[in-house]
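Hi,

Here is the structure I promised to pass on. Have a look at it first, and then read on for what turned up.

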Amino acid sequence: MKVSEKWLREWINTPQTLDAIADKLTMSGCEVESRDPVATAFTSIVVGHVLEREKHPDADKLSVCKVDGGQGEILQIVCGASNVRAGLKVPLALIGAVLPLPDGADLKIKKGKLRGIESFGMLCSSTELGMSDKSDGLLELPEDAPVGADIRDYLKLNDEVIELAITANRGDCMSMIGVARETALVMDVPLNVPEIPAQTLQHTDTFPVDLQATDACPRYVGRIIRNINPQATTPIWMQEKLRRAGIRSISATVDVTNYVLLELGQPMHAFDLDTLQSAIVVRYAKAGETLKMLDGQTATLRDDTLVIADADKAVAMAGIMGGEPTSVTDATRNVFLESAHFRPHKIMGKARSYGLQTDSAARFERGVDPDMPVKAMERATQLIVDICGGEVGTVVDTLADPSLLQRKAILLRPERIRRVLGVTMDAATVEGVLTRLNCEFSQSDAGWQVQAPLARFDLNIEEDLIEELARVRGYDAIPAELRPRAPRITQPSETAVKREHLRQLLVARGYQEAVTFSFVDPKMEATLAPTTESIALANPISADLGVMRSTLWSGLLRSVAYNLNRQQNRVRLFEIGPAFFQGEDGKPQQKTMLSGVLTGNLYPEQWGQVNRSVDFYDLKGDVETLLAQVSGSRFHFAPVAHAALHPGQSAEIMTDNAVVGWMGMLHPRIEEQLGLEQPTYLFELDMALLMQRALPKYQAVSKFPAIRRDLALLVREDTLAVALENAVKKAAIPQLMSYYLFDVYTGKGIQEGQKSVALSLILQDFSRTLEDAEINRIVDAVVASLQEEVGAILR
C-alpha cells in the first residue's frame, strides 16, 4: 500500500514528522518498507504556455515553439515531443534550471542550438521531473494552470510516498481511511473523516438486481447516472493522488472508481448502462462460459467462479475484474455504478487461479467493510457529478443477510489481559484504546463487552483485543524481565518412549532424517492411499501440491527418486510428522506417523564382506528394533495386502486390538511410475501406539535344571507364527519358561497345503527338578492346546 504524506495529513492533524509517523506505524505492525520523494530535486521549473508551434525546417521530429513562461518575455524553445501543440500548458525548465539524472549526475539547462535553431529552455515530461519511469510525451497540465507558477508548488511535489507492508489480516489498512485510522490510533491524534452527503436525485430510474449467490455476495449496491460528459478530464489533483499510489490515470469515470478504492477501500466498477441487458444477476459462472476481460484476455470460467452477469451473459468476474464489452469508454453517456460486498473466502485465490492480480481482489480477499458500499457509492457519485456532470438516480441497496452488519460481543477480562501480556492495565487505559479503536463497549463485573468495528475482520476473540492493547500501548512498554514464576520440576514417566530415542535407533541403523512437505500431489496421494478421502486445499501453492498427505510415503518416495536420479543408489530415510485425514465428524484431523524407506545395498561399499541388496527381512529387522523399544511381544505381522505395496511382500503390523502400521516392498507399478529402477521398501507406524512401554519386572532365576523338549507339528500352510504362540500361551503352563519356533519345512513327505514346524519348549520349576511323567503331561497339554487352536498334529 503506497501512501502520500500530504494525502495522509489531510486525514490527521499532527505536528509529528514523517520519521516519527513511519516509526510508529512500523512498531504497531504496519511496516514501512520504503520512502521515496514524488519527484526529483529539480530547480527553476515553472508552468509554461505554448503559444505557437511550427515544424523545424531541418528536422522532421523537432518543433519550434513560442512559449510564455511568465518571465516577461516569450521564449523560443526547440522540442522533440510528439504531443506539443499550441495552447498546451506544460512544465518549462528555464535557463539555469537543474534536473537530476537517474545516474546521479545533474543536467543544467543552458542556451543552445538544435539543428541551427536557438533554444532558450526545455519543455519537460513527467520522467524528466522524476515523477515516473517512462512517459509518452510532455506532461500536460490543466488549462487553468497559472503561467509562471513554480511547478513544485503547483503540483505539491514537496511530498513523500511511504510504502506499507500490509499483513493478510489487516485488509482495513489497504485504504487511506484505514491507514489514517491506524495512524490516528497509534499517534493518539484526532481523525478527520470527510463528510459524504447523500446526493440530490434528478431521476428515480433503477436497474434490477438479482442476488442468486447470496452465500458469496450478501450485499449489492447499484445506481444509474445519466448524461455524463465522457470527454471530461480528470482533475490534476486526482491524477496526482492516483499516481502517487501507483495507479495510472485512464478516464474520469474509471479514475473516480479507483480513487474511491484508494480513499475508502471499497472496490467499485462502472458499467456502460447501454450495454447491459435487462438486469444485473450475481451468480456462479456456467462451466466453460467465457468472458473477455478489461486487460484484453478471454477467460474460460469455472463453475466455482462468482460472476456479475446481465440477462444474457457474464459481464465481470466478481471482485476481480470487469469485462471489456460492458466497460466505460469515451462514448459512454449513461453509467451503472456497482459497489458490492463479497465474502473473502469466495474470492480468495480466484484471481491467481486465472493468472490475474488486481487491486480489487487484493482487498476483497482480505475483507472489506460490509457497511462501506453505500458510503462509497455516494462518494463516487459526488466526484463523478463534480467532474463529469450527470443526472443522479436512486441507490438500489440489495441486502440478503442483515447479520452482515452485526458483530458479536467479545468479553475482555482484566485478569486475562494480565495473564497474556504479563502487565496490568487500568480501566482508563483499556477504555481509551477501545474508544480510539472505534469499538462499542460496556462494562460489567466480568470486564468489558466489546463490539469491534465492522472494518476490523481480525478482531474476533478476546486475544485479538488484548493484542490491540499491547500494540497501541507499545510493545516496548512490556517489561523485558520475565514474570516471577515458581520453579516446577516434572518427573518423566518411566513408561514413556522418547521420540529422540527412536530417532537415534534409526540413525544408528544407517537412516537419515528427512522433512518433507505436508502438501502433496493429488495423483500420488490417490496412488498410495486410494481408499482414503484426501483433504483438498482451498488455495494450493501449485497444482501438484493440492492436497494434504494421508501418508508420509508421498514425500519420502519423491526424495528417494530425487537421490537415485543423482547417483545416490543406497538410500535410507525416515520422517516423523503429521498425516491428515477426514474424521468421523467430517472435520480434518491429524496424527503423527513414523515412516521410513530404504533401497539399494545392505552395506556401504566395502571390501570385507560380500554385499547384497536389501530385502523384506532387512526392513522387518529395522521395524522390530523400533517395536522392541516399546514392547516387542505386543506386536505381530500379518500378510495383508496394501494398495501401495507388493502383493507378496507386504505386512500389516498389529497389536491385539489395533493396527500399528504397514511395511513391505513398493508396488512395481508405482516403482515404474516414479522411475525407480531398484526395489524399494517402506514402513509406516502410528506414533500414538509407540509412546508407551511396559515396565521391566524382576524375575528370579531358578537353581534347578531346565529341560528342553522339541515338537514337530503339522499345520496348515497359512498358519501364522503368532497363532502358534497364542495357542501355547493359552495352555497357561507355569513351568513353561519360554518357547520359540526354530524350523519350518515343506516338501517331500509333507502333504500339499501343509507345513512342518519345529517348536522348542523350555521347562523349569523353581522348587524342584521336573520328572519325566510331569514333563510329558506338560508337553501333552501344549500339544492339545495347539491342536484345539490351530489344528496342529504331532508328527
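Let's start inside, with the largest cavity: its lining residues divide into seven nonpolar, five polar and four charged. Keep in mind that this is a predicted model. The space in that cavity comes to about 150 Å³. It is lined by 16 residues, and those closest to its centre are Asp172, Ser175, Leu264, Gly265 and Asp369. Helix α4, residues 176-187, supplies the largest share of this lining, with three residues.

How many cavities of 30 Å³ or more are there? The count is two. The second largest has a volume of about 60 Å³. Around it you'll find Asp172, Arg181, Glu182, Leu185, Arg436, Leu437 and Arg456. Five of the lining residues there are charged and two are nonpolar, with no polar ones. Helix α4 again gives the most, three residues. Try clicking on Asp172, as it is in the lining of the second largest cavity and is also one of the residues closest to the centre of the largest.

If you wonder how such spaces are found: rolling a probe the size of a water molecule over the atoms shows where empty space is left.

Now for the sheet. Seven strands make up an open sheet with mixed pairing, and their order is β27-β31-β32-β36-β35-β34-β33. At the edges sit β27 (512-513) and β33 (636-638), each paired on one side only.

Let's walk in from β33. This strand pairs with β34 (residues 645-654) in the antiparallel sense, over three bridges. Phe637 has Ile653 of β34 as its bridge partner. Ile653 also stands opposite Gly661 in β35. Strands β34 and β35 run antiparallel and are joined by six bridges, and they form a hairpin with four residues between them. Next, β35 and β36 are also antiparallel, with five bridges; here Met665 is partnered by Tyr681 in β36.

Why is β35 described as largely enclosed by the rest of the structure? Because seven of its eight residues are buried, where buried means under 20% relative accessible area.

Finally, two helices to look for on the sheet. Helix α14 (residues 499-508) lies across β27, β31, β32 and β36, at about 145° to β31. Helix α16 (residues 553-564) lies across β31, β32, β34, β35 and β36, and runs at about 30° to β32.

Have fun exploring!

Terms used. Residues are numbered from 1 along each chain as its sequence is written. This is a predicted model: local features need pLDDT of at least 70, side-chain atom pairs count only at pLDDT 80 or more; totals for chains, interfaces and linings use all residues. Side-chain values use heavy atoms; hydrogens and water are left out. Two strands pair if DSSP finds at least two bridges between them. Helices (H or I, at least four residues) and strands (E, at least two) are DSSP runs, numbered from the N terminus. Contact means heavy atoms within 4.5 Å. Axes are lines fitted to C-alpha atoms, for helices over the stretch in contact, and angles run from 0 to 180 degrees between N-to-C directions. On a 1 Å grid over the protein atoms alone, a cavity is a set of points where a 1.4 Å probe fits but cannot get out, and a pocket is an open set with protein on both sides within 12 Å along at least five of seven lines; lining residues have an atom within 4 Å of a point. Grid points are joined across faces, edges and corners, and a volume is the space filled by probe spheres set on the points. Ala, Val, Leu, Ile, Met, Phe, Trp, Tyr, Cys and Pro count as nonpolar, Asp, Glu, Lys and Arg as charged, and the others, Gly among them, as polar. Buried means under 20% relative accessible area, exposed over 50%, partly exposed in between (1.4 Å probe, protein chains only).
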